[in-house]
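Here is a short briefing for a first look at this structure. Keep the sequence and the 3D view open while you read.

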Amino acid sequence: MNMDFKERYELAISRIKDIPDECRAADNGHGLYLDFFAVGAEYILGVVENSEEIREKGVYNISEDVLDEVNTSNYVDILPDNYDTSYSNPDYAEDKLKIYGPVLSFVSAELHALPVIIYGASCDGELDYIKLKPVIYLLELYLELYGMFCSEELPTLKNVEEAIYYYAFDYIEEFSFARMEETLVPDYDSVASYICDKADLSDSRYLYMYGDYISENEKVLSEYLAELDDDEIERMASTYTDGFRRGFDVMGIDFSGKKTVNIRYHIGQERIVRAAIGQFAKMGLEPILSRCAFSRLVRKGVVKQGYESGSPNMQFEYDHRLDDRFFLDGRFVERRINASREAYKEFSENAEAYAGPAVIETFGEKQFSPVVKESVQSYTDKQNELFTSMYNKLGQLSNEFIPGDSYSFTIIAFPLPEIGEGFEEIFQETMVINTLDNEKYKGIQQSMIDVLDKADSVHVLGMNGNHTDISVKLRRLKNPEKETQFENCTADVNIPLGEIFTSPVLCGTNGVLNVKKSYLNGYSFENLEFTFEDGRVKDYSCGNFEDVKAGKRYIKEAILFNHETLPIGEFAIGTNTHAYAMAQKFGILEKLPILIVEKTGPHFALGDTCYSHMEEHAVYNPDGKEIISRENDYSLLRDTEPDKAYFNCHTDITIPYNELGRLYTVNQDGSETDIIREGRFVLPGTEELNAVL
């Protein structure tokens with residue numbers, strides 16, 4: 001079978017070698033369109049040639065300058081300086097290729113996955129042609145389309161769109177199966193496994209083995225970590241591996257029988273990953289190192305789950321976030337769901353042994369606010385329905401084979417060099433924040449929970465231009481001696497520590513949430529505002545665009561994930577004033593990841609609750625009280641109307657202390673108790689949090 005794919009790959013490459021000269025010599029009058037194929041062929045051949053050079057010589061026998069030049073050439077077409085004249089730019093493609101522009105721009109964008117696939121198929125110096133299957137399928141699609149445009153008459157747009165549709169439809173089963181295998185089964189022949197186990201991490205040239213775009217971020221990060229002593233690296237890794245293991249105890253989940261952990265990281269962090277792998281091994285866990293999805297067939301929007309590098313161009317990512325519109329219909333969705341179910345069945349034993357994801361996030365990248373292009377069409381109303389339905393069903397499948405109460409997780413974050421000149425100092429301070437005293441915060445946070453447990457609602461008011469004015473309805477405890485509404489969250493699965501959170505009662509939760517600046521899901525938002533009625537989004541806006549409709553579309557895609565509305569799944573109060581003080585010191589509050597920024601003020605999460613898919617699993621605070629606020633009106637439907645129970649998203653929106661005028665409880669008798677006033681904690685027992693402000 002391997003030889004069959006070897007032959008198909010070599011035949012495709014051999015045929016593509018002829019295309020540039022053929023296009024230039026063609027006299028069928030289709031020069032504008034054939035230029036697309038000539039440019040594409042030259043790009044494909046360049047990637048293949050580059051990969052062969054690195055495979056034959058080895059990265060340690062090539063200078064870093066040459067490696068950098070080769071790496072840049074793999075992505076030069078979509079780098080910001082060149083993107084205006086790239087066929088991957090939908091505007092340019094539409095201008096040059098007219099009605100064919102959108103679909104051919106999709107093909108051009110898919111071709112930019114070639115470096116990571118080809119490099120990843122040859123980590124030991126030999127090509128694994130089975131791992132090259134996605135490349136072969138894509139090249140065969142490219143050649144099929146080229147054949148259409150070589151004819152005397154131009155193909156119809158329908159014929160071109162059908163070719164792309166059937167490419168997706170025919171191969172979604174294989175892509176789904178491969179993606180499931182990548183995320184559930186350890187692959188010791190993968191490039192990531194090779195690097196994290198055997199590469200010389202003191203020499204940053206190892207970065208070029210991946211095939212991903214390597215910027216100064218990855219190089220400087222790798223070089224910085226290489227300078228740290230082993231003990232410091234081990235401490236960094238243990239902070240999050242210990243948190244992962246404690247998560248099972250905190251949530252009362254049985255750890256026995258767990259055999260694998262999915263480690264997700266940013267390229268450049270390999271020294272931390274190598275140490276973490278060793279620490280997980282002592283727990284009996286094998287590492288799964290899976291790359292983030294590279295094909296639009298199985299990738300959701302701009303979401304990246306797996307190891308990855310920074311994007312060469314976020315506008316490119318944004319422009320192609322909806323490319324599945326070319327094949328998203330009922331037949332495709334049904335085929336993908338069925339394929340995923342069969343894949344889960346095939347890997348059911350691996351799913352049962354899965355302990356969960358251990359994620360090392362990054363922050364500090366340049367904030368991105370996109371250009372919304374008319375050349376990029378939105379989903380149709382029907383496709384919106386199909387998109388949300390598909391991911392709801394995929395979420396149900398995941399919970400069927402990997403129940404939410406059967407695994408743990410942990411997330412920790414470190415800065416990227418792009419954050420600025422203070423990178424090393426910020427990195428060190430982040431390590432301090434990640435290791436604050438659990439016991440001290442546990443006591444401080446409990447003093448807030450004791451007051452909140454007696455409240456009927458919480459009222460939050462903004463200041464300094466923040467227009468927040470929202471009342472959050474809380475549950476009434478039937479047995480206050482044994483029950484509580486808020487989880488006392490310290491540093492286990494969610495690092496750093498510093499929050500208490502609950503799932504609010506939707507009916508009676510009303511008002512306006514406003515944040516002047518926020519960076520959510522990879523996008524920058526200005527003057528973001530939501531209006532809630534009975535805990536659900538009623539209206540929304542932002543100041544990123546003069547066109548109000550463009551702003552709404554931006555929010556709907558990036559925060560609502562194309563749902564018409566979302567509920568407030570979580571209300572929380574962040575207590576990590578150390579993180580806030582660091583952010584103020586370096587002027588990086590808007591650059592902090594949600595993971596940290598959510599600890600720097602009250603926050604509201606849109607989407608599912610924190611107990612999604614594990615509502616029936618009892619969870620207790622350190623004081624022994626059961627946290628009863630695990631449900632809302634939607635999750636209650638999980639047995640009767642499962643398609644309406646979950647949204648498969650959860651985005652935290654935080655009001656920073658300097659925009660927080662007042663946060664206070666309102667009791668049934670109308671009395672009020674202040675917790676925060678003008679950005680400072682005033683509740684007795686919490687005053688110590690102000691010391692660093």
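Contact here means heavy atoms within 4.5 Å. By that measure, the buried residues of helix 10 pack against helix 7 (114-120) and helix 13 (270-282). Keep in mind that this is a predicted model.

**Helix 10 and its packing**

- Helix 10 covers residues 191-198.
- Its buried residues are Val191, Ala192, Ser193, Ile195 and Cys196.
- These buried residues have two packing partners, helix 7 and helix 13.

**A charged patch on the surface**

- Asp84, Asp91, Glu94, Asp95 and Glu374 gather on the surface. Together they form a patch of negative charge.
- Asp91, one of the patch residues, sits in helix 5, which spans residues 90-97.
- Asp91 has a relative accessibility of 36%. It counts as partly exposed because that value falls between the 20% limit for buried and the 50% limit for exposed.

**Two buried phenylalanines**

- Phe387 belongs to helix 17 (residues 381-401). Its relative accessibility is 4%, so Phe387 counts as buried.
- Phe387 touches Lys300, Asp324, Leu328, Tyr379, Phe561 and Asn562, leaving out residues up to four places away in sequence.
- Phe387 and His563 are 176 residues apart along the chain. Their C-alpha atoms are separated by 9.3 Å.
- Phe647 lies in the loop between helix 23 (642-645) and strand 16 (650-654). With a relative accessible area of 12%, Phe647 is buried too.
- Which residues does Phe647 touch, not counting those up to four places away in sequence? They are Asn392, His563, Thr565, Leu566, Pro567, Gly607, Asp608 and Tyr634.
- Phe647 and Gly395 are 252 residues apart in sequence. From C-alpha to C-alpha they are 8.7 Å apart in space.
- His563 appears in both accounts: Phe647 touches His563, and the C-alpha distance of 9.3 Å is the one between Phe387 and His563.

**A buried charge without a salt bridge**

- Asp652 is found in strand 16. That strand runs over residues 650-654.
- Asp652 is buried, yet has no salt bridge.
- How far away is the nearest side chain of opposite charge? That side chain is Lys599, and it is 8.4 Å from Asp652. A salt bridge needs a distance within 4 Å, so Lys599 does not form one with Asp652.
- Asp652 is in contact with Leu520, Glu570, Ile594, Glu598, His603, Phe604 and Ala605, apart from its neighbours within four places in sequence.

**Backbone features to look for**

- Most residues other than glycine have a negative phi, and most peptide bonds are trans.
- The peptide bond from Ile495 to Pro496 is cis, with omega near 10°. Pro496 is in the loop between strand 8 (487-489) and strand 9 (499-502).
- Asp534 has a positive phi, near 50°. It lies in the loop between strand 11 (523-533) and strand 12 (536-541).
- Asp534 is partly exposed, because its relative accessibility is 29%.
- His613 also has a positive phi, in this case near 70°. The loop that holds His613 runs between strand 14 (602-607) and strand 15 (626-627).
- Is His613 buried or exposed? At 18% relative accessibility, His613 counts as buried, because the limit is under 20%.

Methods:
Residues are numbered from 1 along each chain as its sequence is written. This is a predicted model: local features need pLDDT of at least 70, side-chain atom pairs count only at pLDDT 80 or more; totals for chains, interfaces and linings use all residues. Side-chain values use heavy atoms; hydrogens and water are left out. Patches are made of residues with over 30% relative accessible area and no salt bridge: like charges are joined within 9 Å, nonpolar side chains (Val, Leu, Ile, Met, Phe, Trp, Tyr) within 5 Å. Accessible areas come from the Shrake-Rupley method with a 1.4 Å probe; for residues, only the protein chains shown count as cover. Lys and Arg count as positive and Asp and Glu as negative; His and the chain ends are not counted. The place of a charge is taken as NZ of Lys, CZ of Arg, CG of Asp or CD of Glu. Helices (H or I, at least four residues) and strands (E, at least two) are DSSP runs, numbered from the N terminus. Buried means under 20% relative accessible area, exposed over 50%, partly exposed in between (1.4 Å probe, protein chains only).
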